[in-house]
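Q: Please take a close look at the part of this chain where its aromatic pairing is found, and follow the strands outward from there. I would like one connected account, with related spots elsewhere in the chain brought in where they help.

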Amino acid sequence: MISLAAVMAAPLLAGPLNEGLPVWITPLSLLLVAAALALHRSRPSAAALGLLAASAVDWRLLPAAAILSYQAGRREPPATSVLAGLTGVLAFGTAVPLLRGPNLYGWLVWITGVIVLGLLPALIGSFRRLQAELVQAGWDRAAQLEREQRIVADQARLQERARIAQDMHDSLGHELSLVALRAGALELDGTLTAEQRAAASEVRAGVTTAADRLGEIIGLLRDDDTPPRPAGDHIGALVDRAAASGVPVVLTATGDHGDVAPMQYRAAQRVVQEALTNATKHAPAAPVRVLVDRTGDEMTVTVHNGPPPCPPAERVPHGGRGLTGLGERVGLAGGVLRAGPLPDGGFQVVARLPTRPGPVLEAGPDPLPPVGPETARRRARRGLVLAVALPTLLTAGLAGTLMAVYAHDSRTSHLPPERFRELVVGAGRDEVAGRLPERQAPEHRDENGPPPPSGSACEYYRSTAGFLPTPFDVYRLCFRDGRLVAKDVLPPSR
């Protein structure tokens, strides 16, 4: 931090960039640099924009603004508020020259500085951030493939377990049913004694109980039999418990959900539970909206949380298995799950589930932007193009504007050398007026020639005109009492 502060303050301590800066400007600029450094971790864009705005008064702040602009691009994606702030900076930088006095050249040069030392570093930082996201997306993709392999192995074990359970149900259940049937026939046989019929009744009851116990055990082994929904285990109760814990969550439920099959409802409840857990972990204090909509034979569960009010100081560790397992559960229930970040910095989970067991729903269009290495790669490419093309086009446009303005100023203040030589000292002002350009040059250079005659009013004109700045002489014509009393050639400063 100390080295960064020294680098940012160095242009201010080295000396003024502009002539005529007040003495108090340097201490004030140093205070602005210190304030920007204190703010740049929590509000990097605001710190960079503040220095860019102040650079309209003190151009020495532009290097410090370039450093903070790069860090802002690395730390947070561009947002509408940043664009609005940049517009405000440009408006402020336009108003400052108007208060000082019209200076079109100075304003255009400052705009160029904002682009080169403000916008370009921010875009480069944003590209570096997208590159880091691309690398992280690659590692996340590799981890996801490993998880998918483990899930495939787990599914194979579950399928084998379900097959064994089905075999047990078909074989043992059938045999136990036959035993119970035979015991029931003995119980009704009139040739047996009462004690024998009572024994047969006990055998039938025992076999029936064993069959029920076997059914319960097989139900635990099979993955397609979900127990009925327990009383009180509702999405509303889950949201109420989260709200009581301090989570700013709101539930909106439409339609009737009382007849939703247990397996499908439990999958919907699990979606809400996992989404609330992720929201409280990765976006604490962010508002959460839960929408449960029933339309015909389909139920849609949407959980959306906004961006965190303050970015976490450190990245929250996570196992990455929650959403993957959630997608598997929703898929077993015949539904589809989509989850991913939103452009505003929030996160959204959307699950579409059938209300009764049946065919698997079609995935349909993805309501969320795709997430993965390909998306990150596209964003990185767009960031690179934007970081190179936008400043290049803006700089080229400003350079063309500067050339056009310079050409206009030089042409309208150009006095050809041969015409200057034709002017005779002692001629009346009205006689030479028709030979003079329509406007004067802003350069005076009185220090490069003899002092003007006392009591005279002098006019200044350029010796050359063109699109590009080149060395030129300034022609000074001094008039007194309506007569040309002196004409001098003021060469460029050496």
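A: In this predicted model, F420 is buried, and Y475 is buried as well. These two residues form an aromatic pair, and its rings are stacked, with 4.1 Å from centre to centre and 10° between the planes; a search of the whole structure finds 1 aromatic pair. The pair links distant parts of the chain, since F420 sits in helix α12 (residues 417-422) whereas Y475 belongs to strand β7, 55 residues apart.

From Y475 the account passes to the sheet. Strand β7 (residues 474-480) pairs with β8 in the antiparallel sense, over 7 bridges, and within that pairing the bridge partner of Y475 is V489 of β8. Y475 is therefore a residue with two kinds of partner, V489 across the strands and F420 through the stacked rings. The open sheet to which β7 belongs has 3 strands in the order β6-β7-β8, with antiparallel pairing. Because β6 (457-462) and β8 (483-490) stand at the edges and each has a single partner strand, one side of each is left without a neighbour in the sheet. From one strand to the next, the twist averages 20°.

Two loops that adjoin these strands hold backbone angles that deserve a careful look. Most residues other than glycine have a negative phi. D481, in the loop between β7 and β8, nevertheless has a positive phi near 55°, and R445, in the loop between α13 (429-433) and β6, has a positive phi of about 60° although it is not a glycine. Their surroundings are described by opposite words: with a relative accessible area of 14%, R445 falls under the 20% cut-off and so counts as buried, whereas D481, at 75% relative accessibility, is over the 50% cut-off and so counts as exposed.

A positive phi also appears in another hairpin, that of β2 and β3, where G296 takes a value near 65° and 2 residues lie between the strands. There, 8 bridges join β2 to strand β3 (residues 298-305) in an antiparallel run, and D293 has T300 of β3 as its bridge partner. Strand β2 (residues 288-295) also pairs with strand β1 (residues 249-254), here in the parallel sense and over 6 bridges, with L251 bridged to V290 of β2. Together with helix α9 (residues 262-282), β1 and β2 make a left-handed β-α-β unit.

In a regular strand the side chains alternate between the two faces of the sheet. On the covered face of β2 are V288, V290, V292 and R294, while R289, L291, D293 and T295 are on the uncovered face. The two bridged residues of β2 named above are thus split between the faces, V290 on the covered one and D293 on the uncovered one.

A helix contact elsewhere in the chain completes the account. The axes of helix α1 (residues 2-14) and helix α4 (residues 62-75) come within 7 Å and cross at roughly 140°. From α1, the contact is made by L4, V7, M8 and P11, and from α4 by P63, A64, I67, L68 and Q71; by class this gives 8 nonpolar residues, 1 polar residue and no charged ones.

Key: Residues numbered from 1 in each chain as written. Predicted model: local features only at pLDDT ≥ 70, side-chain atom pairs only at ≥ 80, totals over all residues. Heavy atoms only, no water. Axes fitted to C-alpha atoms, helices over the stretch in contact; angles between N-to-C directions. Helix = DSSP H or I, 4+ residues; strand = E, 2+ residues; numbered from the N terminus. Contact = heavy atoms within 4.5 Å. Nonpolar A, V, L, I, M, F, W, Y, C, P; charged D, E, K, R; others polar. Pairing = 2+ DSSP bridges. Buried < 20%, exposed > 50% of the residue type's maximum accessible area, 1.4 Å probe, protein only. Right-handed = clockwise from strand over helix to strand, strands pointing away. Phe/Tyr/Trp six-rings, centres within 6.5 Å; stacked < 30°, edge-to-face > 60°.
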